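Take a look at the model below. Then follow a short tour, from one pair of strands out to the chains.

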Amino acid sequence: MPREVGQRSAARREGSPFTGLGPVFMKEFADHLSSARMMVLMLFVLAFGALPVGLSLQELRNVTESDPFLFLRIFTSSPQRMPFSFMSSLTLVIPLLAIGLGFDSVNSEFNRRTLSRVLSQPIYRDALLLGKFLGGLATLAVALVALWLIVLGAGLILLGVPPRGVEVARGLGFLAVAIAYGGAWLAIAMLFSVIFRSTATSALCSLGLWLFFTILWPQIVPILVLSVTPTDVAMGMGRLDQTLAVIEFQSMLERLSPNTLFAESVIGLLNPETRTLGPMIPAQMRGAIMGAPLPFDQSVLLIWPQVTGLVAGMIVVFAAAYVIFQREEVRA
Amino acid sequence: MSDNVIEVRGLLKLYGTQRAVNAIDLDIRRGEIFGLLGPNGAGKTTTILMLLGLTETSGGTVNVLGFDPVRQPLEVKRRVGYLPDAVGFYDHLTARENLGYTARLLDIPRREATGRIMEALKSVKLDDVADKRVATFSRGMRQRLGIAEIVMKKAEVAILDEPTSGLDPHATFELLEMIRGLKRLNVAVLLSSHLLDRVQSVCDRVALFNKGSIALMGTVVELANQVLGAGHPVLVEASGADIPGALRAVEGVQKVTEEGQGAWRVVADRDVRSAVAQRIVSAGGSLTRLADLQPSLEEVYTRYFQEARHAA
């Protein structure tokens, strides 16, 4: 793509960069909600969500022992007849939803030749890109809230017990994390839509990255870690601090993937018994009652780094898209 | 400020070491139609984008309606309408909805916008298809919708990039009529084109671009004088006598060239038509045609670029 070279040191421009943000946001939001693509994506999400939820509800109805977090188990329990839970199916499907909303957001304007006409209105590129992102994010949020309410409603009807306040709070936290996760993938999809003029190429790249983080990355990380691990640690004979360092290194690599960040945050929120997301050493166990749930605020503290990482990743990727978009030529 | 709506001084655009626009000066007055001509890649579109602040300048100054497009692009874009080459609209929206989106971007109050959109659509004769989706529109209708956008915007300057390219003759005629309509609203129109005879029929002044520089600028007649030489060319068709001899004897005639069977092209330093007619009749010839040859922009253009190639 042609880039501008020899730019003059940019003089300060006047006017708010957010002029026109509202109309762009409203248009994108309305377009998404009324598009056929959104219908297809929603069907997809419902199909992937309904099966694990339905099956785990069937199993949970037969649970006789009292479980204080029965409602949260709808999200996390993986039914016997299914290899994955509702939560892990969301880990797969949310990126797909986000990519579906974002992969052609900028390059389709190029291809329809609407970009130069829209940019000749009193609006900066900042507002156009941010409006598109927020429009997509709002659509994503609407879809996830709807899904969440459906699951909650199905749980109410089939289980016959209302959720407790703390379960609702944890559920809402899960919703917020899910939206941030979707936002990160939306930013990635939009980055590719800014880089590539062809919508097919940008869709392929987004999906490729999604496959990479879903399938390949979990396989590559252990190999990478093994290649730098000292032999005695690999044999299980190393010192504790060395072993810990290797494990820390492995989780650090794994956490480069948004999928890992999302999965860890959700485990922390929806499994109140989770005390740590890393290795557990005996010293940490002192005084702990095994299997006792953490209070909600402690769970939030536990997953705070993961959530921050997700949001930061989303902002960094969006900023990259923003910089590239600012430097791009308008002419088709 | 003077009556110039656009003032460009030493405008420069570099792509690497290549000078896409090489230090041009340009003035456009209120209410005139100004044509930018030149082959593809001569720098016309780049100049237009710099006027709108849609691409960075590499040097020089631009003043559009008293604003600097580099520093105050929003003010410029609020007052200038732009119709890009092969303009695009959102296919899934209707004509009315497309203009409605623009109106919201312009922050026109909803109640006022409804009236202005309908008026604008009426002025380009699209009011009967206002609620049809743009996907069904022909190229000519899309261009007209682009003009409607400028009308709705109440722009003081309209910049049209190749507005007539790819249109059939009838659609071209209609579009040029609408461009004249903009002029009647006292809008300054800057249009780029390579359809020369069309441009000639609407433009008050033109600038000829060549390799990033303005080679010639002025009215069509001024350009013709510069390129084709001063003088009044006349076409004479006659028979029955020594016509060339008779023509050369007319006072003021500089050159007589044969232009086919029984036709001559006469260049003189003044209007010699009545003297030529008299001379031919008195020499016993029969005059069948006597025409004042308007300098055509096409001729100017072709001749200029021939000479430019020879010089190179």
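How many bridges join β11(B) to strand β12 of chain B? There are 5, and the two strands run antiparallel. Strand β12 covers residues 263-268 of chain B. One facing pair is easy to find: E258(B) lies opposite W264(B), a residue of β12(B). Keep in mind that this is a predicted model.

**The sheet in chain B**

These two strands belong to an open sheet of 4 strands. Its order is β11-β12-β10-β13 in chain B, and the pairing is antiparallel. In general, strands of a sheet pair through backbone hydrogen bonds. Why do β11 and β13 of chain B each have one side without a neighbour in the sheet? Both stand at the edges, each with a single partner strand, so one side stays free of a neighbour in the sheet. From one strand to the next, the twist averages 25 degrees.

A helix joins the picture. Helix α10 of chain B, residues 273-282, packs on the sheet. This helix touches β10, β12 and β13 of chain B. Its direction makes about 170 degrees with that of β13(B).

Here are the strands with their residue ranges.

| Strand | Residues |
|---|---|
| β10 of chain B | 232-239 |
| β11 of chain B | 253-258 |
| β12 of chain B | 263-268 |
| β13 of chain B | 286-292 |

Now step back to the domains. Chain B is assigned domain 1 (4-218) and domain 2 (228-297). The centres of these two domains of chain B, taken over C-alpha atoms, are 43 Å apart.

**Chain A**

Chain A holds 14 helices and 0 strands. Its C-alpha trace spans about 65 × 55 × 35 Å along the principal axes. Of its 332 residues, 35% are buried. Now take the contacts in chain A with a separation of 6 or more: 82% of them come from residues 24 or more positions apart.

How confident is the prediction here? The average pLDDT of chain A is 87, and 93% of the residues score at least 70. Residues 1-9 of chain A have a pLDDT below 50. Beyond near neighbours in sequence, this stretch has 18 contacts in the model.

**Where the chains meet**

In chain A, 27 residues are in contact with 32 residues of chain B. Two elements of chain A give two or more residues each to this side: α1 (21-34) and α6 (115-119). The largest share, 3 residues, comes from α6(A). By type, the side of chain A that touches chain B has 7 nonpolar, 9 polar and 11 charged residues.

Definitions and conventions: Residues numbered from 1 in each chain as written. Chains lettered and ligands numbered in written order. Predicted model: local features only at pLDDT ≥ 70, side-chain atom pairs only at ≥ 80, totals over all residues. pLDDT = per-residue confidence, 0-100. Contact = placed C-beta atoms within 7 Å. Domains from an automatic or database assignment. Buried ≥ 20, exposed ≤ 12 C-beta atoms within 10 Å, placed from the backbone. Nonpolar A, V, L, I, M, F, W, Y, C, P; charged D, E, K, R; others polar. Pairing = 2+ DSSP bridges. Axes fitted to C-alpha atoms, helices over the stretch in contact; angles between N-to-C directions.
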